[in-house]
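Welcome! Open your viewer, switch to a cartoon view, and let's take a short walk through this molecule together.

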Amino acid sequence: MTALLEATNLSKRFGGLKAVDDLSLAVQEGELHCLIGPNGAGKSTFFRLILGRYPPTAGTVRFCGEDITHLQAAARVRRGMSVKMQVPGVFAELPVRQNLVIALQHKFSGPELAREVDRLLALVDLSAEATKQAGQLAHGQKQWLEIAMAIGVRPRLLLLDEPTAGMSPEETYKTGEMILELNRKAMTVLVVEHDMAFVRQIARQVSVLHLGRLFAQGSIEEITDNEAVQEIYLGKGHHHGH
Ligand SMILES: Nc1ncnc2c1ncn2[C@@H]1O[C@H](COP(=O)(O)OP(=O)(O)OP(=O)(O)O)[C@@H](O)[C@H]1O
Ligand SMILES: [Mg+2]
């Protein structure tokens, strides 16, 4: 079986620092895959390599069997990748609804566009906030708006970098349910997360990054029972957040 996404011996150096170091990682079609690891492990850098925002120092990226290592970021989006990055990116001065229109207008138009926007608003529980300025939303709601913007184009692969950062436990749980629902509807999802309760709630497959390398991989039970994984977290002290 061909993996939907396959990184092979991928590396990214920043001067002398190996942010991503000879990393091979595959995501199968239909998977809900969590990527965890201490601060600075290389998770966000790995996302940027997948998305074509940085050229790799070495290695290849394949998507749907095609070598996309040298493809522009926009071409990767056209092939079905979508992302919600760690730093929020909504248009704060525009209404919630308009944010979604902008995200979807390349894919839909007319009544179909309006219908899709309504569907997404309902999906992330923002129907009542449609006319509100995005900047006025609560923090968790901003994250949900961004998730809606990312899934609106119906990607084959959804990349989420810390989607629950700064959320309350209730908001985090609700986000987990949204992601599970998307995955049930056949979307392949790769999520970077620190919140282990959240990872336990959603993950089927877990990969652990440490110092840019793949440190461990397995089911959530295998990963939480893995003493070496526990140690790399403890050794780093508490997650400092963002
Ligand atoms: N543009 C850059 N230039 C130089 N160094 C960078 C750059 N981006 C990331 N790094 C470094 O690469 C390493 C990996 O960073 P990255 O942001 O990928 O980690 P992360 O796993 O996402 O961490 P976090 O959990 O804190 O978000 C870090 O040491 C970071 O300082
Ligand atoms: Mg990061």
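Start by selecting residues 5-14, which form strand β1, and residues 58-63, which form strand β4. These two strands pair in the antiparallel sense, over five bridges. Keep in mind along the way that you are looking at a predicted model.

To see the pairing residue by residue, show Leu5 and look across to β4: the bridge partner there is Phe63. Then show Ser11, which stands opposite Ala58 in β4.

**Next door: β5**

Now add residues 66-67, which make up strand β5. β4 and β5 run antiparallel and are joined by two bridges. Which residue in β5 does Arg62 stand opposite? Select Asp67 and you have found the partner. Between β4 and β5 the hairpin has two residues, and in this hairpin Cys64 takes a positive phi near 50°.

**The whole sheet**

Zoom out and colour the strands in the order β2-β1-β4-β5. Together they form an open sheet of four strands with antiparallel pairing. Which strands stand at the edges? They are β2 and β5: each has a single partner strand, so one side of each is left without a neighbour in the sheet. As background, strands of a sheet pair through backbone hydrogen bonds, either parallel or antiparallel.

**Around the ligand**

Select ligand 1 and show the residues that surround it, among them Phe14, Gly37, Asn39, Lys43, Ser44, Thr45 and Gln86. Leu17 and Ala19 belong to this shell too. Strand β2 (17-27) and helix α1 (43-51) each supply at least two residues of the shell. Of the elements, α1 gives the most, with three residues. Try colouring the shell by class: you should find four nonpolar, seven polar and one charged residues.

**Last stop: two helices**

Select residues 96-104 for helix α3 and residues 139-151 for helix α5. Two packed helices are described by the angle between their axes and the distance between the axes. Here the angle is about 25° and the axes are 8 Å apart. Angles under 35 degrees count as roughly parallel, and α3 and α5 are therefore roughly parallel to each other. Their crossing is right-handed.

Finally, show the side chains where the helices meet. From α3 come Val96, Asn99, Leu100 and Ala103, and from α5 come Leu145, Ala148 and Met149. The residues of this contact divide into six nonpolar, one polar and no charged.

Note on methods. Residues are numbered from 1 along each chain as its sequence is written. Chains are lettered from A and ligands numbered from 1 in the order in which they are written. This is a predicted model: local features need pLDDT of at least 70, side-chain atom pairs count only at pLDDT 80 or more; totals for chains, interfaces and linings use all residues. Axes are lines fitted to C-alpha atoms, for helices over the stretch in contact, and angles run from 0 to 180 degrees between N-to-C directions. Angles under 35 degrees count as roughly parallel, over 145 as roughly antiparallel, 65 to 115 as roughly perpendicular and the rest as oblique. A crossing is left-handed if the near helix is turned anticlockwise from the far one by less than a right angle, and right-handed if clockwise. Two residues are in contact if their C-beta atoms, placed from the backbone, lie within 7 Å. Ala, Val, Leu, Ile, Met, Phe, Trp, Tyr, Cys and Pro count as nonpolar, Asp, Glu, Lys and Arg as charged, and the others, Gly among them, as polar. Two strands pair if DSSP finds at least two bridges between them. A residue is near a molecule or strand if its C-beta atom, placed from the backbone, lies within 6 Å of it.
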